[in-house]
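Here is a small set of exercises to work through with the model open beside you. Try each task before reading its solution.

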Amino acid sequence: MTGWQPVKKTRTFEDVLAQIEHRIGADGLTAGDRLPHERQLAEQLGVSRSSVREAMRVLETLGVVSSQVGRGPDAGAVLVSRPDSALTDLLRLHLGLAALEPREVIDTRLMIERWAAARAATNRPDTSGLAAAVEGMDRARSPEEFVEHDTAFHCALAEASGNRLLAAFMRSLRDSLGRYAVEAVVRLGNTAGLQEDHRRILRAVRDGDPDDAVRAVTAHLGRAYPALLPGLPD
């Protein structure tokens with residue numbers, strides 16, 4: 001048989017990255033916490049300092065840490081965001097490079113938001129973020145401002161599902177759809193219907209009604225993107 005390729009060995013710095021990410025999660029580290037110094041990490045992991053340095057460069061590029069040169073207590077790498085924040089940035093970049101059709105993105109969003117709405121209603125979470133976003137849309141003076149708060153609403157809905165990976169993916173989808181969302185608001189002209197949908201979604205989550213939450217999200221996306229999602233039930 002032909003076509004088989006040699007198995008690539010994992011590069012040492014990738015193992016270092018995996019260890020650092022594991023410790024961030026296991027130790028519950030948050031923004032502002034400091035990672036061990038380069039020498040200490042190299043000794044603990046049994047790798048060269050160059051491997052640690054390369055891993056830190058990757059984390060800094062991703063926006064996970066900020067490295068500070070020098071000695072003493074202020075030297076070393078400081079955590080500036082959790083890996084799920086960096087994941088959002090990476091997903092957004094990949095979505096942009098994939099040149100996806102708007103229908104593909106909207107279909108994916110519909111699938112995600114239906115599930116998220118049902119789970120959020122089941123969880124009965126704090127809905128203050130959803131309510132604040134609705135109020136922000138009420139006060140919006142331009143399509144761009146409306147979409148900014150609309151994005152906050154739908155990301156808060158994904159976060160209310162309790163699934164952090166889904167929430168990160170949703171933030172990336174919303175960022176990649178920004179232009180289409182503004183165009184949808186401009187096309188509709190009047191946002192009263194969209195706001196009615198948002199309030200229905202919020203009410204369903206507050207009332208713990210997953211079935212109505214799914215119906216509300218479905219109707220909302222059908223209203224916003226009728227050409228891409230024709231014939232959706234309300």
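**Exercise 1. Classify the members of a charged pair, then find what joins them and where they sit.**

Start with accessibility. Asp 197 has a relative accessible area of 4%, so Asp 197 is buried, where buried means under 20% relative accessible area, exposed over 50%, and partly exposed in between (1.4 Å probe, protein chains only). Arg 223, with 34%, is partly exposed.

Before going further, note what you are looking at. This is a predicted model, in which local features need pLDDT of at least 70 and side-chain atom pairs count only at pLDDT 80 or more, while totals for chains, interfaces and linings use all residues. Residues are numbered from 1 along each chain as its sequence is written, and side-chain values use heavy atoms, with hydrogens and water left out.

Next, look at the side chains. Asp 197 and Arg 223 meet in a salt bridge, 2.7 Å from N to O; the term stands for a side-chain nitrogen of Lys or Arg within 4 Å of a carboxyl oxygen of Asp or Glu.

Finally, place the pair in the chain. Asp 197 belongs to helix H10 and Arg 223 to helix H11, 26 residues apart, and the pair links distant parts of the chain. Helices (H or I, at least four residues) and strands (E, at least two) are DSSP runs, numbered from the N terminus.

**Exercise 2. Describe helix H10: its span, its buried residues and its packing partners.**

First, the span. H10 has 16 residues and reaches 22 Å from its first C-alpha to its last, close to the 22 Å expected at 1.5 Å a residue. The expected value is 1.5 Å times one less than the number of residues.

Second, the buried residues. Besides Asp 197, the buried set of H10 includes Gln 195, His 198, Ile 201 and Val 205.

Third, the partners. The buried residues of H10 pack against H5, H6, H7, H9 and H11, with contact meaning heavy atoms within 4.5 Å.

Last, step past the end of the helix. Gly 208 follows H10 and has a positive phi, near 70°.

**Exercise 3. Which residues touch the most other members of the largest nonpolar core, and which helix gives the largest share?**

Begin with the general idea: in soluble globular proteins, nonpolar side chains tend to be buried together. A nonpolar core here is a set of buried Ala, Val, Leu, Ile, Met, Phe, Trp, Tyr and Cys residues joined through side-chain atoms within 4.5 Å.

Now list the hubs. The largest core holds 41 residues, and Leu 130, Phe 153, Leu 157, Ile 201, Val 217, Leu 221 and Tyr 225 touch the most other members. Helices H5 to H11 each supply at least two residues, and H5 gives the largest share, eight residues. Apart from this core lies another, of 17 residues, with Leu 17, Leu 29, Ala 77 and Leu 79 among them.

Then zoom in on one hub. Not counting residues up to four places away in sequence, Tyr 225 touches Ile 106, Arg 109, Tyr 180, Ala 181, Ala 184 and Arg 187.

**Exercise 4. Follow Arg 109 to its salt-bridge partner, and decide whether the pair is buried or exposed.**

The partner is Glu 113, at 2.5 Å from N to O. The two are four residues apart in helix H5, so about one helical turn separates them. Both ends are buried: Glu 113 has a relative accessible area of 2%, and Arg 109 is at 2% as well.

**Exercise 5. Trace the salt-bridge network that contains Glu 38, and inspect Ser 51.**

The network links Glu 38, Arg 49 and Arg 53. In one of its pairs, the closest N and O atoms of Arg 49 and Glu 38 are 3.0 Å apart. That pair joins helix H3 (residues 49–61) to helix H2 (residues 38–45). Arg 49, at 34% relative accessibility, is partly exposed, and Glu 38, at 23%, is partly exposed too.

Ser 51 is also in helix H3, and is buried at 10%. A polar contact (N or O atoms within 3.5 Å; within protein, one must be able to donate a hydrogen and the other to accept it, and residues adjacent in sequence count only if both atoms are side-chain atoms) of 3.1 Å joins its side chain to that of Ser 48. Beyond its neighbours within four places in sequence, Ser 51 is in contact with Thr 12, Phe 13 and Val 16.
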